[in-house]
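Colleague: Got a minute to go through this model with me? I'd like to hear the reasoning behind the labels.

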Amino acid sequence: MAEKITGAEALIKSLIAEGVDLVFGYPGGAIIPVYDKLYDYTDQLKHILVRHEQGATHAAQGYARVTGRPGVVIVTSGPAATNVITGVSDALMDSTPLVVITGQVASSFLGSDAFQETDVVGITQPITKWAVQIRRAEDIPAAVARAFYIANSGRPGPVVLDIAKDAQNGLVEWSHKKCDYIRSYIPYPKINDTDLQKVADMINAAERPMIISGHGVMISGAEKELAAVAEKANIPVASTLLGLSTMPSSHPLYKGMLGMHGNIGPNINTNRCDVLVAIGMRFDDRVTGDTSKYARQAKIVHIDIDSSEFDKNIKTDATIHGDAREVLEKLLPLIKPADHSEWLKTFDKCDEAEQEKVVKREVYRTEGPMTMGEVVNKVSTATGDRAVLVTDVGQNQMFSSRYFRYTDPKSILTSGGLGTMGFGLPAAIGAKMGAPERTVCFFTGDGGLQMTIQELGTIMEYGTDVKIILLNNNFLGNVRQWQELFFQCRFSQTPMVNPDFVAIANAYGIAAENVETREQLDDAIARMLNHKGAYMLNVNIDYTDMIFPMTPPGAGVDTIMLNATEMYQND
């Protein structure tokens, strides 16, 4: 007969059996039994004490996105459980595997409004792949195994295990069995050969094909397969925000980012192509603009592991239900070599206009205050275009996504679907812990940084080597841009009175400096990258700086603003 252990210890042993070696969390009353047992396993399971439970979820997201393994969070009940909601929702929107473990009051107190009791399952069911409350110790091992299988299979996402305190204290004969099957859950559908041939025929007949590479390409590790298909048929590739780095920025077939602040060529040619192949993306409104004006001339092909995305936003002509890597592997031999050189030249024409009208002004300005674009460009160059880019949300996100360059896969972490300000700092911590060998550059604005600035304490405690580039314009810059363009310059509640960020960083033991002029920038970047340990640059940015190109809200993707007064002439 196996020795009985507590449910709390069974949880720890189950996590280790699932290959977990790092968790992010914050202790409290309803989870104390788990933390007590964690004390005995610190040589096998490292715990990162964040400064706020939201920070734990974003750090776990950063870890998951660079490693491809589920991020794990452990927090207590009540306010701790509600503090993880933003991160859980963010993870669902961006298909990030998380296993979030919350403590809960003892079973006998459930429904009594006990101290720090919250209906965690009721709150999280709409924003998880699976949420369950565990009231018995003997149910813990199987629930953990099931949680990891669900979180990291098919289209990844978050799961929540809400564990009552008496379940943590109860006894169980522990054993671990990996979960690899759940009835009615089919995470990897069998790919239909007829669908494959239909799509191949459409691509082979196309004169102006275009591929959109989404986050699903990165999740499935299909970067090589994507390049092989594109190269065989000479097809231009554009990416969504979360699809950045699925093809190197320097690849001749890579044509840039799509969307509201994407590159001109991909956006214009969305409405010129004759076959549009979307892989692992969901036709988000920031990519499509006005859907009634989106790619009406094209045959739409959608490849995705989640069939619920098919025809949800954009009507398709063909679909393939399956994992992106497997689909592309099977599609490759069916694709015929082709020459689309004349079609590819149309992207070059758009790029020339963008370089002249936008990039030259944004990246290569020589007078006046610094711009975000020139800072991002210089940092990317200084890292050899090989760093992991982490962004917060706002202008800093769009500028850094546009002007950072990508050589290696899994090189961008950003909050795409939910657009969570405060995501970046803890996500950068998790990314560095997940990929300690890589340089992690975190770009943020003064607004977003202050939403989770307490996580500087996590950096201090663990010595996490994150390079922080604060693009400081003393404004909520993205909202300010919309106020200037569409609300008659009524800057309601967007100017910010900011603290001394360098002093705050120094108080946490983090090296930092102010960069006030363009002449100081290159040396400051070099000092930051050469420094062993975390470093912050507080860069003085032109507060009037705005991110362009821009598709105005409600317009089609080929309606593009080059600046506040000039539109791109789509001939």
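Modeller: Sure, and keep in mind that this is a predicted model. Let's start with a strand pair: Pro 209 stands opposite Val 275 in β12.

Colleague: What makes β9 and β12 a pair?

Modeller: Two strands pair if there are at least two bridges between them. Strand β9 (residues 209–213) and strand β12 (residues 275–279) have five bridges, in the parallel sense, so they count as paired.

Colleague: Where do those two sit in the sheet?

Modeller: The order is β11-β10-β9-β12-β13-β14, an open sheet of six strands with parallel pairing. The twist from one strand to the next averages 20°.

Colleague: Why are β11 and β14 called edge strands?

Modeller: β11 (254–257) and β14 (318–321) each pair on one side only. There's a helix over part of this sheet too: α9 (residues 193–205) lies across β12, β13 (299–304) and β14, and runs at about 135° to β14.

Colleague: What about β20, which strands does it pair with?

Modeller: Strand β18 (residues 466–472) runs parallel to β20 and is joined to it by six bridges; there, Leu 470 has Asn 538 as its bridge partner. Strand β19 (residues 511–515) also pairs with β20 in the parallel sense, over five bridges, with Val 515 opposite Val 539. The cut-off is at least two bridges, so both count as pairs. β20 (residues 535–540) is mostly covered, with five of its six residues buried.

Colleague: How do you know that Glu 53 has no salt bridge?

Modeller: A salt bridge needs a side-chain nitrogen of Lys or Arg within 4 Å of a carboxyl oxygen. For Glu 53, the nearest side chain of opposite charge is Arg 51, 12 Å away. That is outside the cut-off, so no salt bridge is counted. Glu 53 is buried all the same. Its place is in helix α3 (residues 53–67), and the residues it touches include Tyr 26, Val 75 and Asn 83.

Colleague: And the cysteines: how many disulfides are there?

Modeller: Zero. Take Cys 273: the nearest cysteine sulfur, that of Cys 350, is 13 Å away. A disulfide needs the sulfur atoms within 2.5 Å, so this pair doesn't qualify.

Colleague: Why is Cys 273 called buried, and Cys 489 partly exposed?

Modeller: Buried means under 20% relative accessible area, and Cys 273 has 0%, so it counts as buried. Partly exposed lies between that cut-off and the one for exposed, over 50%. Cys 489, at 42%, therefore counts as partly exposed.

Note on methods:
Residues numbered from 1 in each chain as written. Predicted model: local features only at pLDDT ≥ 70, side-chain atom pairs only at ≥ 80, totals over all residues. Heavy atoms only, no water. Helix = DSSP H or I, 4+ residues; strand = E, 2+ residues; numbered from the N terminus. Axes fitted to C-alpha atoms, helices over the stretch in contact; angles between N-to-C directions. Contact = heavy atoms within 4.5 Å. Buried < 20%, exposed > 50% of the residue type's maximum accessible area, 1.4 Å probe, protein only. Lys, Arg positive; Asp, Glu negative; His and termini not counted. Lists of a residue's contacts leave out its neighbours within four places in sequence.
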